[in-house]
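Biologist: Please take a close look at one part of this model and describe how it sits among its surroundings.

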Amino acid sequence: FSVLLPVEPERAVEQFKSDAGEEVPQIQFTSNTPAGAFMVSLQDSTPEQSGNAPLIEQAYTRARDALISTFTGKLLEEKNVRINEAISGREFRISIPSASGEYRTRIFFANQKFIQLIAVGTPEFVISSQAAEFLASFELLNQKSVEPKLDLIDYASNFGGFRAQLPFKPVYSRRTLPDGTGADRVQHLYMCDPNDEALPTV
């Protein structure tokens with residue numbers, strides 16, 4: 001990988017226990033500044049996580065909750081991000097009350113690795129343009145992204161005469177809207193929303 005850092009990073013290897021209880025090496029590259037540090041960490045991901053959307057989501061949730069617990073902090077921000085315009089990931093920003101600081105990280109899976117980009121230090125440092133430049137500069141060489149794979153079904157509509165591949169059978173609704181000329185028009189809606197599982201489908 002390549003990344004923009006203010007000073008030459010120091011390389012270290014830490015051992016962590018996986019969910020299966022196995023020792024997993026994590027390679028860390030740290031670039032220190034007076035106001036904070038930039039870090040890149042990499043560790044092997046499991047074959048089961050490759051392209052498995054639920055497992056990837058679980059990994060993001062565990063990472064977020066572990067950081068909040070470690071720092072006894074609060075989640076200040078969480079959002080989906082894209083790395084290199086091609087890789088889906090997640091970004092968190094968490095407070096560190098004991099140090100009056102913040103921890104900002106982007107995490108994602110690629111090249112059979114679980115990768116974290118980290119900016120940690122003062123709140124001003126973490127949200128600075130330098131931190132944004134660091135996060136945006138990261139680039140994977142020989143990139144192989146791990147995108148969640150969705151199980152899609154072929155769906156044929158009852159109205160409108162169309163076919164589409166969807167993650168599950170959509171919820172149908174119909175409403176009448178004014179068209180600005182005094183007449184009404186009918187709008188047929190097909191919605192795939194995982195939060196609407198209790199609604200009738202057509």
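Modeller: Leucine 166 gives a short start: this residue is in strand S9, residues 163-166 (strands are DSSP runs of E with at least two residues, helices runs of H or I with at least four, both numbered from the N terminus). This is a predicted model, in which local features need pLDDT of at least 70 and side-chain atom pairs count only at pLDDT 80 or more, while totals for chains, interfaces and linings use all residues. Residues are numbered from 1 along each chain as its sequence is written, and side-chain values use heavy atoms, without hydrogens and water.

The part for the close look is helix H1, residues 53-71. Its 19 residues should span 27 Å at 1.5 Å a residue, and the end C-alpha atoms are 27 Å apart, which agrees (the expected span is 1.5 Å times one less than the number of residues). Among the buried residues of H1 are Ile56, Tyr60 and Leu67 (buried is under 20% relative accessible area, exposed over 50%, partly exposed in between, with a 1.4 Å probe and protein chains only). The buried residues cover an arc of only 125° around the axis, so they are on the same side of H1 (the arc is taken from the directions from the helix axis to the C-beta atoms). Pro54 and Ser69, on the other side, are exposed.

Glutamate 57 forms a salt bridge with arginine 90, with the closest N and O atoms 2.8 Å apart (a side-chain nitrogen of Lys or Arg within 4 Å of a carboxyl oxygen of Asp or Glu). This pair joins helix H1 to strand S5, 33 residues apart. Arginine 90 is buried at 9% relative accessible area, whereas glutamate 57 is partly exposed at 36%.
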